Amino acid sequence: MSMEMPSEINPVGQSAVRILWQDGHESVYENVYLREHCQCAECIHEWTGEKLISRDRIPPDIRPVSVTAVGNYAVSIRFSDGHGTGVYSYDLLRKICPCSRCQPVAK
Ligand SMILES: [Zn+2]
Ligand SMILES: [Zn+2]
């Protein structure tokens with residue numbers, strides 16, 4: 001399985017982050033959506049995979065204050081609510097791409 005790599009990661013205004021992938025795919029993630037998908041031990045239970053963060057506890061005006069590459073497989077995102085332990089692998093980011101091609105079935 002080949003891993004897709006981003007070629008660009010840019011904020012879109014104050015509310016979202018856009019990733020342009022090397023295969024030409026484009027993903028736009030709302031900041032709240034990104035924060036909600038944090039995979040760190042504070043946000044996801046290590047063993048059960050249960051989500052420990054709920055969307056209504058995320059400030060609606062949340063935004064990333066820094067995005068740092070981690071090796072060549074992930075980015076670390078620090079958010080304006082002070083949460084900075086989240087590491088988002090490119091694999092995960094591609095998997096949670098909210099576009100209609102990646103998520104054809106709306107939940
Ligand atoms: Zn987290
Ligand atoms: Zn997509």
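Here are some short exercises on this predicted model, each with a worked solution.

Two ground rules before we start. This is a predicted model, where local features need pLDDT of at least 70, side-chain atom pairs count only at pLDDT 80 or more, and totals for chains, interfaces and linings use all residues. Residues are numbered from 1 along each chain as its sequence is written, chains are lettered from A and ligands numbered from 1 in the order in which they are written, and side-chain values use heavy atoms, with hydrogens and water left out.

**Exercise 1. Find the protein donors of the zinc ion (ligand 1) and work out which parts of the chain they tie together.**

Step 1: Look for donors, meaning N, O and S atoms within 2.8 Å of the metal (3.2 Å for Na, K and Ca); water is not among the atoms, so sites may look incomplete. You should land on Cys-38 (SG), Cys-40 (SG), Cys-43 (SG) and His-83 (NE2), at 2.1 to 2.3 Å.

Step 2: Place them in the chain. Helices (H or I, at least four residues) and strands (E, at least two) are DSSP runs, numbered from the N terminus. Cys-38 sits in the loop between helix 1 (31–36) and strand 4 (64–70), while His-83 sits in the loop between strand 5 (74–79) and strand 6, so the pair ties together parts 45 residues apart in sequence. Written as a pattern, the donor spacing is C-x1-C-x2-C-x39-H.

Step 3: Check the geometry. Four donors count as tetrahedral if all angles lie between 85 and 135 degrees; four count as square planar and six as octahedral if opposite donors are over 155 degrees apart and all others between 65 and 115; anything else is irregular. Here the angles among the four donor atoms run from 101 to 116°, and the site is tetrahedral.

Step 4: Ask about cover. Buried means under 20% relative accessible area, exposed over 50%, and partly exposed in between (1.4 Å probe, protein chains only). Cys-38 is buried at 1%, Cys-43 is buried at 2%, and His-83 is buried at 7%.

**Exercise 2. Now do the zinc ion (ligand 2): which residues coordinate it, and how are they spaced?**

Step 1: List the donors. They are His-25 (NE2), Cys-97 (SG), Cys-99 (SG) and Cys-102 (SG), at 2.1 to 2.3 Å.

Step 2: Read off the spacing, which is H-x71-C-x1-C-x2-C. His-25 is in the loop between strand 2 (16–21) and strand 3 (26–30), and Cys-97 is in the segment after helix 2 (90–95), so this pair links distant parts of the chain, 72 residues apart.

Step 3: Check the angles. They span 103 to 118° among the four donor atoms, and the site is tetrahedral.

Step 4: Compare the cover. His-25 is buried at 7% and Cys-97 is buried at 0%, whereas Cys-102 is partly exposed at 26%.

**Exercise 3. With these cysteines in mind, how many disulfides does the structure hold?**

Step 1: Recall the idea. A disulfide is a covalent bond between the sulfur atoms of two cysteines.

Step 2: Apply the cut-off, a pair of cysteine sulfur atoms within 2.5 Å. The count comes out at zero.

**Exercise 4. Track down salt bridges and describe where their partners sit.**

Step 1: Start from the general picture. Side chains of opposite charge can pair when their charged atoms come close.

Step 2: Use the rule: a side-chain nitrogen of Lys or Arg within 4 Å of a carboxyl oxygen of Asp or Glu. The structure holds seven of these.

Step 3: Try Asp-81 and Arg-35, which meet at 3.1 Å, N to O. Asp-81 lies in the loop between strand 5 and strand 6 and Arg-35 in helix 1, so the pair ties together parts 46 residues apart in sequence. Asp-81 is partly exposed at 35%, but Arg-35 is buried at 6%.

Step 4: Move on to Asp-91 and Lys-95, which pair at 3.9 Å, N to O. Because these two are four residues apart in helix 2, about one helical turn separates Asp-91 from Lys-95. Asp-91 is partly exposed at 33%, and Lys-95 is exposed at 58%.

Step 5: Look for a network. Salt bridges that share partners join Glu-8, Arg-18 and Glu-26. In the bridge between Glu-26 and Arg-18, the closest N and O atoms are 3.5 Å apart.
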